[in-house]
Amino acid sequence: MLNRRHIRIKVMQSIYAMHQHQSDQLDKEEKFLFQSIENTQDLYLLLLSALVEIKKKEELYIAIASKKHLATKEERNPSLQFVHNKVLMALASSDALEQALEERKIKNWQQNDDIILYLIESIKASALYQNYMKKTDSSFEEDRDFIANLYTEVIAPSEKLYDYLEDHKLTWLDDLPGINTLILKQIKQLKSETDPILIPKVYKDEDDKDFVKNLFRKTVLNEVELAKEYVDKTPNWDVERIAEIDTIILKMAICELLKFPSIPTKVTINEYLEIAKEYSTPKSSIFINGILDNLVKEFEKDKRLTKSGRGLL
């Protein structure tokens with residue numbers, strides 16, 4: 001579920017939080033870091049299950065409306081095009097999804113059905129929905145594309161959903177773009193209603209989980225030494241005025257360069273430059289690139305940059 005860049009971001013945020021709280025409780029902060037990463041799975045399950053809850057709520061509305069004493073013709077003979085969407089039906093009948101929701105105790109929508117009802121209103125107001133409902137029948141591909149577009153254009157951009165997620169767990173906001181991309185990719189990859197709904201693991205493998213711990217600990221425990229590597233490499237910058245997030249990015253990057261021999265130098269530099277572009281000031285990536293470029297040359301000259309492993313073949 002998480003790629004290495006997402007892991008680096010999580011570690012960076014945890015180190016920044018340590019600085020802000022002036023905390024020196026490494027074990028406690030590490031536990032919070034791993035919990036933050038585990039929470040991304042809850043966000044994924046919550047958003048994916050929103051599609052199931054939308055289907056269930058609409059089915060309930062149709063059933064109640066059809067039994068009204070003064071039901072209209074449309075209410076007595078409603079279109080089931082939406083609730084019979086093949087992708088929604090596959091999600092609703094997925095044992096893997098249901099089991100994961102039970103294991104993680106994800107019951108948010110039962111307690112906050114106003115969010116689901118709001119999403120249903122937004123869906124029904126969209127031209128996408130109205131055009132889809134004109135169909136009397138649709139192929140799996142059409143159903144899949146409709147749900148993918150619905151998620152992209154209506155559900156993911158919903159401000160009410162965003163506000164709920166922000167209030168519920170602040171750390172989810174940084175995870176949201178990646179999780180939305182993952183769900184959309186998963187929907188688009190479905191070939192038929194019989195395709196199993198696979199619930200991805202938090203980590204690709206144990207190496208990634210070890211990477212979290214090692215990057216966090218090796219950076220935090222060596223911050224003073226890592227800072228010495230760049231402190232005299234900033235002649236045109238006042239060290240005291242360098243953005244704190246930039247100093248953390250630099251320390252993490254230097255830590256990777258010197259203490260993670262299996263990660264290629266170019267990968268490390270590119271990853272942290274992209275993180276700087278997204279999380280720091282507009283000029284940060286230029287500043288960081290200049291320092292890292294000079295440091296790499298120095299490390300190579302002094303034969304301190306020892307890289308080996310399958311990633312370098």
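Let me start with two phenylalanines, Phe-211 and Phe-260, which are both buried in this predicted model. Phe-211 belongs to helix 12, whereas Phe-260 sits in the loop between helix 14 (244-259) and helix 15 (265-279), so that the pair links distant parts of the chain, 49 residues apart. The two rings form an edge-to-face aromatic pair, with 5.6 Å from centre to centre and 80 degrees between the planes. Phe-260 has a further partner, in that the charged end of Lys-218 sits over the ring of Phe-260, 4.8 Å from its centre.

Staying with helix 12 for a moment, I would like to turn to its packing with helix 2. Helix 2, which covers residues 26-66, and helix 12, which covers residues 206-220, pack at an angle of about 145 degrees, and their axes are 11 Å apart. The crossing of helix 2 past helix 12 is right-handed. On the helix 2 side, the residues that take part are Leu-26, Asp-27, Glu-29, Glu-30, Leu-33, Phe-34 and Ile-37, and on the helix 12 side they meet Lys-209, Val-212, Lys-213, Phe-216, Arg-217 and Val-220. Sorted by class, this contact has 7 nonpolar and 6 charged residues, with no polar ones.

Elsewhere in helix 2 we find Tyr-61, and you may ask whether Tyr-61 is buried or exposed, or something in between. Its relative accessibility is 46%, and Tyr-61 therefore counts as partly exposed, given that this class runs up to 50%. The C-alpha atom of Tyr-61 is separated by 18 Å from that of Gln-111, which is 50 residues apart from Tyr-61 along the chain.

Now to the aromatic residues in general, for which the count comes to 5 aromatic pairs. One of these is formed by Phe-82 and Tyr-129, again edge-to-face, with 5.6 Å between the centres and 70 degrees between the planes. Here too the pair links distant parts of the chain, since Phe-82 is in the loop between helix 3 (73-76) and helix 4 (86-92) and Tyr-129 is in helix 8 (residues 127-132), 47 residues apart. Phe-82 and Tyr-129 are both buried, and together with Tyr-132 and Phe-146 they form one aromatic cluster. A separate case of a charge over a ring is Lys-160, which lies over the face of Tyr-118 at 5.6 Å from the ring centre.

Phe-146, from that cluster, brings us to helix 9, residues 140-155, where the buried residues are Phe-140, Asp-143, Arg-144, Phe-146, Ile-147, Ala-148, Leu-150, Tyr-151, Val-154 and Ile-155. What do these buried residues of helix 9 pack against? Their partners are helix 2, helix 4, helix 7 (113-125), helix 8, helix 10 (159-168) and helix 11 (172-188).

Next, two glutamates, Glu-225 and Glu-229, which lie in helix 13, residues 223-230. Glu-225 has a relative accessibility of 44% and so counts as partly exposed, whereas Glu-229, with a relative accessible area of 15%, is buried, because the limit for that class is 20%. If we leave aside its neighbours within four places in sequence, Glu-229 is in contact with Ile-254, Leu-258, Leu-295, Phe-299 and Arg-304. As for Glu-225, its C-alpha atom is separated by 9.8 Å from that of Cys-255, 30 residues apart along the chain.

Two backbone details deserve a mention, both of them positive phi values outside glycine. Gln-22, in the loop between helix 1 (4-21) and helix 2, has a phi near 50 degrees, and at 71% relative accessibility Gln-22 counts as exposed. Lys-303, in the segment after helix 16 (284-301), has a phi of about 55 degrees, and with a relative accessibility of 73% Lys-303 also counts as exposed.

Let me finish with the chain as a whole. The protein chain has 16 helices and 0 strands, and its C-alpha atoms fill a box of roughly 85 × 40 × 35 Å along the principal axes. Of its 313 residues, 46% are buried. Among the contacts with a separation of 6 or more, 82% are between residues 24 or more positions apart.

Terms used:
Residues are numbered from 1 along each chain as its sequence is written. This is a predicted model: local features need pLDDT of at least 70, side-chain atom pairs count only at pLDDT 80 or more; totals for chains, interfaces and linings use all residues. Side-chain values use heavy atoms; hydrogens and water are left out. Axes are lines fitted to C-alpha atoms, for helices over the stretch in contact, and angles run from 0 to 180 degrees between N-to-C directions. Helices (H or I, at least four residues) and strands (E, at least two) are DSSP runs, numbered from the N terminus. A crossing is left-handed if the near helix is turned anticlockwise from the far one by less than a right angle, and right-handed if clockwise. Contact means heavy atoms within 4.5 Å. Ala, Val, Leu, Ile, Met, Phe, Trp, Tyr, Cys and Pro count as nonpolar, Asp, Glu, Lys and Arg as charged, and the others, Gly among them, as polar. Rings of Phe, Tyr and Trp (its six-membered ring) pair if their centres lie within 6.5 Å; planes under 30 degrees apart count as stacked, over 60 as edge-to-face and the rest as tilted. Buried means under 20% relative accessible area, exposed over 50%, partly exposed in between (1.4 Å probe, protein chains only). A charge sits over a ring if NZ of Lys or CZ of Arg is within 6 Å of the ring centre and within 35 degrees of the ring normal.
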